Amino acid sequence: MSRNALPPTARALILPLLGTVALTTACTSGGDESDPVSSAAAPTTTSTGTSPADPPSASTSASAPTTIPTSAFVELPAELRKSPRRTTPVEEALPKLCGNEFGTGGRQVTASAAMTVTYKKPGDPVSNTPQGMIHQTIFTFGGEGAADYLRRLRSAVEACPSYDRGGNPVKVASKPLSGVGDEAVLVSLTRAATDLNGDRNGGTTSTQIAVARVDGVVSVFNDQGWEGSSGNPAILDQTVRDGVQTIDAWQR
């Protein structure tokens with residue numbers, strides 16, 4: 001026997017220990033690489049609106065949706081549809097008046113997404129110039145977040161009777177929108193009309209924004225006339241009512 005060789009009893013004790021060390025190392029390394037849930041991508045029409053500083057509680061997450069499907073958004077009737085609805089970044093879809101009145105600040109938001117529909121006048125051929133666009137944003141909230149959002153929005157809009165848009169003052173007015181969802185508000189914006197060069201032409205231009213709540217969901221409908229022209233209040237009103245019904249059907 002060699003001077004450095006271990007006795008048989010020592011080898012019998014060491015070999016099981018080495019096997020235990022190898023097994024422990026295999027179990028504690030590389031575990032994240034095989035986790036399919038952590039690498040799953042969110043739907044492309046949904047963006048999470050929760051602020052990292054204000055994460056939803058376990059009970060909030062269980063009751064409020066964390067994704068928003070395309071089917072939750074309104075689609076225009078064929079006679080009004082200039083082009084199909086398309087995904088839009090939320091920050092581009094939301095209007096801004098004196099400040100970020102329509103933003104949420106991440107308060108109790110579990111999901112947010114936006115889409116845009118382009119509409120035409122009834123009876124116009126598809127080849128004609130569009131009449132306008134409606135940007136629809138949907139927020140889902142936990143707890144009383146949706147009702148709180150409407151309260152903050154009303155206060156913010158009332159505190160902004162007018163604002164400046166490229167040197168052109170815009171008047172702001174708001175009123176309740178009856179018969180829409182659990183509660184709704186209509187914001188009207190009026191300014192001097194301008195041509196494509198930005199010069200005033202003596203007329204006025206008006207657009208509207210409607211905000212409706214359906215339980216814990218809020219949707220903002222931002223009507224923009226084509227190339228700075230006025231929006232269509234009748235089309236917006238019908239779109240809002242159809243949109244509320246679409247959201248209600250999604251929640252069922």
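Student: In what order do the eight strands of the open sheet run?
Tutor: This is a predicted model: local features need pLDDT of at least 70, side-chain atom pairs count only at pLDDT 80 or more, and totals for chains, interfaces and linings use all residues. Residues are numbered from 1 along each chain as its sequence is written; side-chain values use heavy atoms, without hydrogens and water. Strands here are DSSP runs of E, at least two residues, and helices are runs of H or I, at least four, both numbered from the N terminus. The pairing is antiparallel, and the order is β1-β2-β3-β8-β7-β6-β5-β4.

Student: Which are the edge strands?
Tutor: Strands pair if DSSP finds at least two bridges between them. An edge strand of this sheet pairs on one side only. The two are β1 (81-87) and β4 (162-165).

Student: By what angle are neighbouring strands of this sheet turned against each other on average?
Tutor: Axes are lines fitted to C-alpha atoms, for helices over the stretch in contact; angles between N-to-C directions run from 0 to 180 degrees. Direction is ignored for this average. The value is 20 degrees.

Student: How many bridges join β6 and β7?
Tutor: The two strands pair in the antiparallel sense. Across the pairing, V187 stands opposite I209 of β7. The bridges number eleven.

Student: Which helix packs on the sheet, touching β3, β5, β6, β7 and β8?
Tutor: Touching means contact, with heavy atoms within 4.5 Å. The helix covers residues 145-158, and its direction makes about 35 degrees with that of β6. This is α4.

Student: How do the elements of the chain run from the N terminus on?
Tutor: The chain has five helices alongside its eight strands. Two helices lead, and one helix ends the series. In full: α-α-β-α-β-β-α-β-β-β-β-β-α.

Student: What share of contacts between residues at least 6 apart in sequence joins residues at least 24 apart?
Tutor: These contacts are counted within the chain. The share is 68%.

Student: Which residues touch the most other members of the largest nonpolar core?
Tutor: Such a core is a set of buried Ala, Val, Leu, Ile, Met, Phe, Trp, Tyr and Cys residues joined through side-chain atoms within 4.5 Å. This core holds 27 residues; β2 (109-119), β3 (132-141), β6 (183-194), β7 (200-214), β8 (217-225) and α5 (233-251) each give two or more. Apart from it lies another core of 25 residues, including L153 and V187. In the largest core the residues asked for are I68, I134, I138, L177, V180, F221 and V240.

Student: Which residues form a cluster linked by ring pairs?
Tutor: Rings of Phe, Tyr and Trp (its six-membered ring) pair if their centres lie within 6.5 Å; planes under 30 degrees apart are stacked, over 60 edge-to-face, the rest tilted. F139 in β3 and Y149 in α4 make a tilted pair, at 5.8 Å and 55 degrees. F141 and Y149 lie 5.7 Å apart at 35 degrees, so this pair is tilted too. The cluster is F139, F141 and Y149.

Student: Is T207 buried or exposed?
Tutor: T207 sits in strand β7 and touches V187, S188 and L189, among others. Buried means under 20% relative accessible area, exposed over 50%, partly exposed in between (1.4 Å probe, protein chains only). T207 has 5% relative accessibility, so it counts as buried.

How values were computed: Lists of a residue's contacts leave out its neighbours within four places in sequence.
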